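Here is a short report on one protein model. Keep the sequence and the structure in view while reading.

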Amino acid sequence: APAWAVDMQANLLAAQANLLAGQANLLAGQANLLAEMRALLNNSHAYNGDQRIVPVIIPGVPIPIEFPAKRKEFMALTAKQCNQLLDYYQIPAIGGVDMKRRAIGERIGLRF
């Protein structure tokens, strides 16, 4: 085969590999979005203190061990624990502990 045809085939294969990588990234993004939506939906219905809450996961970043399992545990978070969760969600640590809890709660879908 002529050199131009070999080059064209190599370029097409590279383009196909790029498309497949893009498709994989898109699917991963969709999976992350779906997981976030499930967490937000679950948490938006956690009115009772004994109801479980679910972290909204930041891909590639470990969930802080401070993340509470239940709403009543969330409402008992200390300022230090709130600051760690605020850092995880990249939310500015402004105000007192109640304001910090509210900021985290809004990010994870809790209703107040």
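The report covers the core, one helix, the loop after that helix, the salt bridges and a surface patch.

The model is predicted. Its values are computed from the atoms.

**The core**

The largest nonpolar core has 16 residues. Seven names stand out for touching the most other members: Ile53, Phe67, Phe74, Tyr89, Ile104, Ile108 and Leu110. Two elements give two or more residues each, namely α3 (79-88) and α4 (97-108). The top contributor is α3, with 4 residues. In general, nonpolar side chains in soluble globular proteins tend to be buried together.

Phenylalanine 67 shows how parts of the chain meet here. Neighbours within four places in sequence are set aside. Its contacts are then Ile53, Val54, Pro55, Leu85, Tyr89 and Ile108. Among these partners, Ile53, Tyr89 and Ile108 are also on the list of residues that touch the most other core members.

**Helix α3: two sides**

Which residues of α3 are buried? They are Cys82, Leu85, Leu86 and Tyr88. Seen down the helix axis, the buried residues fall within an arc of 155°, so they line one face of α3. The cover over the buried residues of α3 includes α4. On the other side of the helix, Lys80 and Asp87 are exposed.

Asparagine 83 also belongs to α3. Its relative accessible area is 26%, which makes asparagine 83 partly exposed. Beyond its neighbours within four places in sequence, asparagine 83 is in contact with Ala93 and Lys100. Glycine 96 lies 13 residues away from asparagine 83 along the chain, and their C-alpha atoms are 10 Å apart.

**The loop after α3**

Glutamine 90 follows α3. It sits in the loop between α3 and α4. What is the sign of phi at glutamine 90? Phi is positive, near 55°, and the residue is not glycine. Most residues other than glycine have a negative phi. Glutamine 90 is exposed, with a relative accessible area of 73%.

**Salt bridges**

How many salt bridges does a search of the whole structure find? The search finds 3. The table gives each pair with its closest N to O distance.

| Acidic residue | Basic residue | Closest N to O distance |
|---|---|---|
| Glutamate 36 | Arginine 107 | 3.1 Å |
| Aspartate 50 | Lysine 72 | 2.7 Å |
| Aspartate 98 | Arginine 101 | 2.8 Å |

Take the pair of glutamate 36 and arginine 107. Glutamate 36 lies in helix α1 (residues 3-44) and arginine 107 in helix α4, so the salt bridge ties together parts that are 71 residues apart in sequence. Both ends are partly exposed. Glutamate 36 has a relative accessible area of 24%, and arginine 107 has 25%.

Next comes the pair of aspartate 50 and lysine 72. Aspartate 50 is in the loop between α1 and α2 (71-75), and lysine 72 is in helix α2, so this bridge ties together parts that are 22 residues apart in sequence. Aspartate 50 is partly exposed, at 44% relative accessibility. Lysine 72 is partly exposed too, at 46%.

The remaining pair is aspartate 98 with arginine 101. Both residues are in helix α4. They are 3 residues apart, so about one helical turn separates them. Is each partner buried or exposed? Aspartate 98 is exposed, at 56% relative accessibility. Arginine 101 counts as buried, at 11%, since the cut-off for buried is under 20%.

**A nonpolar surface patch**

Nonpolar side chains also appear on the surface of this model. Trp4, Met8 and Leu12 form a patch there. Together they have about 390 Å² of accessible area. Leucine 12 lies in helix α1. Its relative accessibility is 58%, so leucine 12 counts as exposed.

**Putting it together**

Helix α4 recurs through this report. It gives two or more residues to the largest nonpolar core. It is part of what covers the buried residues of α3. Arginine 107 in α4 links to glutamate 36 in α1, while aspartate 98 and arginine 101 pair up within α4. Helix α1 holds glutamate 36 and also leucine 12, a member of the nonpolar surface patch.

Definitions and conventions
Residues are numbered from 1 along each chain as its sequence is written. This is a predicted model: local features need pLDDT of at least 70, side-chain atom pairs count only at pLDDT 80 or more; totals for chains, interfaces and linings use all residues. Side-chain values use heavy atoms; hydrogens and water are left out. A nonpolar core is a set of buried Ala, Val, Leu, Ile, Met, Phe, Trp, Tyr and Cys residues joined through side-chain atoms within 4.5 Å. Buried means under 20% relative accessible area, exposed over 50%, partly exposed in between (1.4 Å probe, protein chains only). Contact means heavy atoms within 4.5 Å. A salt bridge is a side-chain nitrogen of Lys or Arg within 4 Å of a carboxyl oxygen of Asp or Glu. Patches are made of residues with over 30% relative accessible area and no salt bridge: like charges are joined within 9 Å, nonpolar side chains (Val, Leu, Ile, Met, Phe, Trp, Tyr) within 5 Å. Accessible areas come from the Shrake-Rupley method with a 1.4 Å probe; for residues, only the protein chains shown count as cover. The arc is that of the directions from the helix axis to the C-beta atoms.
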